[in-house]
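User: Could you take me on a close look at the pockets here, starting with the biggest one? I'd like to know what lines them and which parts of the fold do the lining.

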Amino acid sequence: MKPHHLRLAAMVAFIAAVALGAHVWNALTRPTIPAEHVIALTVDKGDSFSQVTDKLIQHEAVAGSLYAWIAAKLLGAETRIKAGEYVLLGPMTTLRVLKELIDGGGVLHRQTFFEGWTTREILEALKKNPTVKKTENPLARFGYSTAEEAEGACLPDTYKHYRGDPDYKILELCIMAMRETLEELWATRASGLPYDNPRDALILASIVEAETTLHEERPEVAGVIISRLRKNMRLQTDPTVIYGLGPDFDNNLTRKHLREDPAVNPYNTYRIYGLPPGPICNPGRRSLEAALQPDLETENLYYVAVGDGSHYFSKTYEEHVKAVRKYQLGKK
């Protein structure tokens with residue numbers, strides 16, 4: 001071939017390459033998801049790149065398999081796409097879609113653990129959550145062999161996770177949150193408390209949590225419990241007895257339960273002195289604050305539920321008996 005023919009062929013090839021490149025770039029940067037159009041996409045753990053591409057093509061989220069492959073090569077996306085649920089909001093190009101899957105993790109789900117839940121209830125909530133991957137004995141990863149052993153270890157709150165995250169990952173979040181919160185509040189505790197370690201404060205906070213839902217009452221309830229501890233009085237709190245009866249308790253607390261031997265129910269504070277052997281639920285931050293900054297000036301030693309969520313506090317046993325007759329028995 002003559003030299004000028006070679007130059008012409010090279011020029012044609014260059015022009016063709018430029019035109020092809022322009023066409024490819026246009027395909028990659030042209031919106032494939034129109035403005036205000038939403039596509040919900042799930043990338044499952046273990047999906048291959050070709051499987052992800054098939055899903056994208058099915059939803060018309062990319063220009064085509066070839067362009068998806070080219071975009072993946074440009075972004076190094078073939079092995080970097082993260083599993084999860086994605087909401088792709090247009091306008092989005094093929095390049096932008098793949099970058100979203102690389103950066104993502106997708107839609108964040110929320111798991112709420114309510115104040116006063118037992119660890120058994122927390123585990124049950126995780127078991128029922130369809131977005132959470134279930135594992136065998138998730139508590140064992142944190143050194144707990146039973147739910148009772150882990151009582152009080154979790155800080156009730158709302159925790160975010162991605163679909164497919166294992167249950168132990170969410171447990172780790174709430175366990176670390178409790179440790180950090182208890183450490184923070186312990187450092188600011190009031191002086192003169194009748195316990196010298198955070199676990200006892202946690203136990204007392206769990207009783208406060210179980211006794212009242214009113215934030216303004218918590219320091220007073222904590223103060224009453226502390227006053228009884230100082231006077232070596234039995235705490236005589238129903239929630240501790242109920243906890244010791246176990247998950248099969250039928251919500252009918254009887255005198256027989258209150259008289260039960262501590263060897264049978266070590267949480268029976270009608271029979272034992274001092275705090276029970278462990279927390280009876282997972283208390284929230286406000287109950288922890290009350291346990292560590294209680295009302296130490298209160299002269300009250302008793303309280304009884306009024307029926308509207310609040311309590312009537314009494315200084316003497318005689319006054320308490322009258323309150324019980326009025327609010328619990330409906331007698332004057």
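Analyst: Here's a walk through the largest pocket, then the second largest. Keep in mind that this is a predicted model, and the totals for linings use all residues.

The largest pocket comes out at a volume of about 960 Å³. Its lining counts 27 residues, and the ones nearest the centre are Gln236, Asp238, Tyr270, His320 and Val324. In terms of chemistry, that lining splits into 16 nonpolar, six polar and five charged residues.

As for where the wall comes from, several elements chip in at least two residues each: helix 8 (218-230), helix 9 (238-245), helix 10 (255-258), strand 7 (302-305) and helix 12 (317-327). Helix 12 gives the largest share, with five residues.

Now for the second largest pocket, which has a volume of about 470 Å³. Here 18 residues make up the lining, with Thr118, Ile242, Tyr243, Gly246 and Pro247 closest to the centre. By type, you get 10 nonpolar, four polar and four charged residues.

At least two lining residues apiece come from helix 5 (119-128) and helix 9 in this second largest pocket, and helix 9 has the largest share with four.

So what ties the two together? Helix 9 supplies at least two residues to the lining of the largest pocket and also at least two to that of the second largest.

Definitions and conventions: Residues are numbered from 1 along each chain as its sequence is written. This is a predicted model: local features need pLDDT of at least 70, side-chain atom pairs count only at pLDDT 80 or more; totals for chains, interfaces and linings use all residues. Side-chain values use heavy atoms; hydrogens and water are left out. On a 1 Å grid over the protein atoms alone, a cavity is a set of points where a 1.4 Å probe fits but cannot get out, and a pocket is an open set with protein on both sides within 12 Å along at least five of seven lines; lining residues have an atom within 4 Å of a point. Grid points are joined across faces, edges and corners, and a volume is the space filled by probe spheres set on the points. Ala, Val, Leu, Ile, Met, Phe, Trp, Tyr, Cys and Pro count as nonpolar, Asp, Glu, Lys and Arg as charged, and the others, Gly among them, as polar.
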